[in-house]
Amino acid sequence: MRDFFDELISTIKQKTPPDTNPVDVLIAITPMSKEAAYRRLRREVDFSLEDVIRIARHFDISIDKLINKKETNERYSVEMFCVSEPEMMIDRYRQFLKEYITIFKQLNAASNPKAILISNIFTPDFHVHKYSTVMRYYVYRWLYKSDDLHNSVRFKDFRVPDDIVELHRGLAYELQKTNLYHICSQEIVHPLVAELGYYRLAGMMDADDINDIKQDLIAMFHQLEKVLSHGNAFQGRESHFYISRMSVANSFIYYENDIFHAVTVHFFGNGFYYFTDERVCQKFRSVLDSMINNSTLITVSGEKQRMEFLHRQREILNTL
């Protein structure tokens, strides 16, 4: 049973919020003293069956999964975060950002945090709050894809609530603590430019709106060029940027540190699936390894390819 208790302790530490001591959680959900909790976490004493049940209920984990019970029809563990009530779209966007902040806090709580981002469209999540027009566009875009009623609101009249700006700043802060690997398509700006063309044709944006977004994007690519040239994005954390020679059909993020790994997969532009299942994560990691092997690293090295990539994105932006 030692593997079971090792897995249980690992899960307790993984699911405990970064600013909370696992010992305090155990004291709150089980009738044990502080010293007893420490002894169990150090594996000096095993948890009782009653303790295990209380812990499983509190953290919403499967005891079968902890003991690797094999079934004829295996199922994957997955959580889905998506929009359900159209009138609550802006609240759902807040929750969307909070969920990502929580995931990155959990990632950064252990050593060697790493996030690998796969994207088929330019998604400037890092310091987007510094580029107000682009941030406004991404929130507007998210709401539009979520709710047809939003069609009546023109971009010029749309404003981002202050608390959402702060949430974007909070997400950027957590990203600063993570080693980032970004794999994208060779013309990552093209889908974004096509979207902006659609919004203009639909009468939701005018030439001034498009130009304001364009200027922000140009500034963002100028900053990206600096990051690509030295490889350190924020606070000494590594940043690796790859151009894929394979088709990038979907967007997802793979998270990994010394005790935790997970995957979020985007769908329909306004929600994501969240996987922590070992088998699912291994499959995604295998896909990532294949994509990296079929990609060109343009951070620090690959200067010729880096300059060609940036030149091509600016060419596309200049068509706006």
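This is a short dialogue on reading a predicted model, feature by feature.

Reader: Before any details, how many helices and strands does the protein have?

Author: The general idea is to count elements before looking at residues. Here the secondary structure comes to 12 helices and 8 strands. Keep in mind that this is a predicted model.

Reader: And how much of the protein is buried?

Author: Buried residues make up 49% of the 320 residues. Another overall number looks at contacts between residues at least 6 apart in sequence: 74% of those join residues at least 24 apart.

Reader: How do I read the nonpolar cores, and which residues have the most contacts inside the largest one?

Author: In soluble globular proteins, nonpolar side chains tend to be buried together. In this model the largest nonpolar core has 61 residues, and Tyr-137 and Tyr-255 have the most contacts inside it. Take Tyr-137: leaving out residues up to four places away in sequence, Tyr-137 touches Phe-155, Leu-192, Glu-195, Leu-196, Tyr-199, Met-205 and Ile-213. Apart from that core lies another, of 19 residues, including Phe-5, Leu-8, Val-23 and Val-25.

Reader: On to helix pairs. At what angle do α10 and α12 pack?

Author: For a pair like this, read the angle together with the distance between axes. Helix α10 (residues 207-230) and helix α12 (residues 303-317) pack at about 175 degrees, with their axes 11 Å apart. An angle over 145 degrees counts as roughly antiparallel, so α10 and α12 are roughly antiparallel to each other.

Reader: Which residues of α10 and α12 meet?

Author: On the α10 side they are Lys-214, Leu-217, Ile-218, Phe-221, His-222, Glu-225, Leu-228 and Ser-229; on the α12 side, Arg-306, Met-307, Leu-310, Gln-313, Arg-314 and Leu-317. Sorted by class, that contact has 7 nonpolar, 3 polar and 4 charged residues.

Reader: Val-227 is in α10 too. Is Val-227 buried or exposed?

Author: Val-227 is buried, with a relative accessible area of 11%. For a sense of how the chain folds back, check its C-alpha against that of Val-300: they are 73 residues apart along the chain and separated by 8.8 Å.

Reader: Let's try another pair. At what angle do the axes of α2 and α4 cross?

Author: The axes of helix α2 (residues 22-29) and helix α4 (residues 49-59) cross at roughly 110 degrees and come within 10 Å. That makes α2 roughly perpendicular to α4. From α2, Val-25, Leu-26 and Ile-29 meet Arg-54, Ile-55, His-58 and Phe-59 of α4. By class, this contact has 5 nonpolar, 1 polar and 1 charged residues.

Reader: I also see Asp-51 in α4. Is Asp-51 buried or exposed?

Author: Go by relative accessibility, where under 20% means buried. Asp-51 has 7%, so Asp-51 counts as buried. Not counting residues up to four places away in sequence, Asp-51 touches Thr-30, Pro-31, Met-32 and Arg-40. Its C-alpha is 8.9 Å from that of Leu-26, which is 25 residues away along the chain.

Reader: How do I read the length of a helix, and what span does α8 reach?

Author: Compare the end-to-end C-alpha distance with the span expected at 1.5 Å a residue. Helix α8 (residues 162-175) has 14 residues and reaches 20 Å, close to the expected 20 Å. Its buried residues are Ile-164, Val-165, Leu-167, His-168, Leu-171, Ala-172, Glu-174 and Leu-175. Helix α6 (residues 89-108), with 20 residues, reaches 29 Å, close to the expected 28 Å. α6 is mostly covered, with 14 of its 20 residues buried.

Reader: Last topic, backbone angles. What is the phi of Arg-43?

Author: A positive phi in a residue other than glycine is worth a look. Arg-43 has a positive phi of about 70 degrees. Arg-43 sits in the loop between α3 (34-41) and α4, and is buried at 15% relative accessible area. Asn-112 has a positive phi too, near 55 degrees. Asn-112 lies in the loop between α6 and β2 (114-119), and at 53% relative accessibility counts as exposed.

Reader: And what does Ser-111, in the loop between α6 and β2, touch?

Author: Setting aside neighbours within four places in sequence, Ser-111 is in contact with Asn-257 and Asp-258. Ser-111 is partly exposed, with a relative accessible area of 45%. From Ser-111 to Phe-260 the C-alpha distance is 10.0 Å, with their positions 149 residues apart in sequence.

Terms used. Residues are numbered from 1 along each chain as its sequence is written. This is a predicted model: local features need pLDDT of at least 70, side-chain atom pairs count only at pLDDT 80 or more; totals for chains, interfaces and linings use all residues. Side-chain values use heavy atoms; hydrogens and water are left out. Axes are lines fitted to C-alpha atoms, for helices over the stretch in contact, and angles run from 0 to 180 degrees between N-to-C directions. Helices (H or I, at least four residues) and strands (E, at least two) are DSSP runs, numbered from the N terminus. Angles under 35 degrees count as roughly parallel, over 145 as roughly antiparallel, 65 to 115 as roughly perpendicular and the rest as oblique. Contact means heavy atoms within 4.5 Å. Ala, Val, Leu, Ile, Met, Phe, Trp, Tyr, Cys and Pro count as nonpolar, Asp, Glu, Lys and Arg as charged, and the others, Gly among them, as polar. The expected span of a helix is 1.5 Å times one less than its number of residues. Buried means under 20% relative accessible area, exposed over 50%, partly exposed in between (1.4 Å probe, protein chains only). A nonpolar core is a set of buried Ala, Val, Leu, Ile, Met, Phe, Trp, Tyr and Cys residues joined through side-chain atoms within 4.5 Å.
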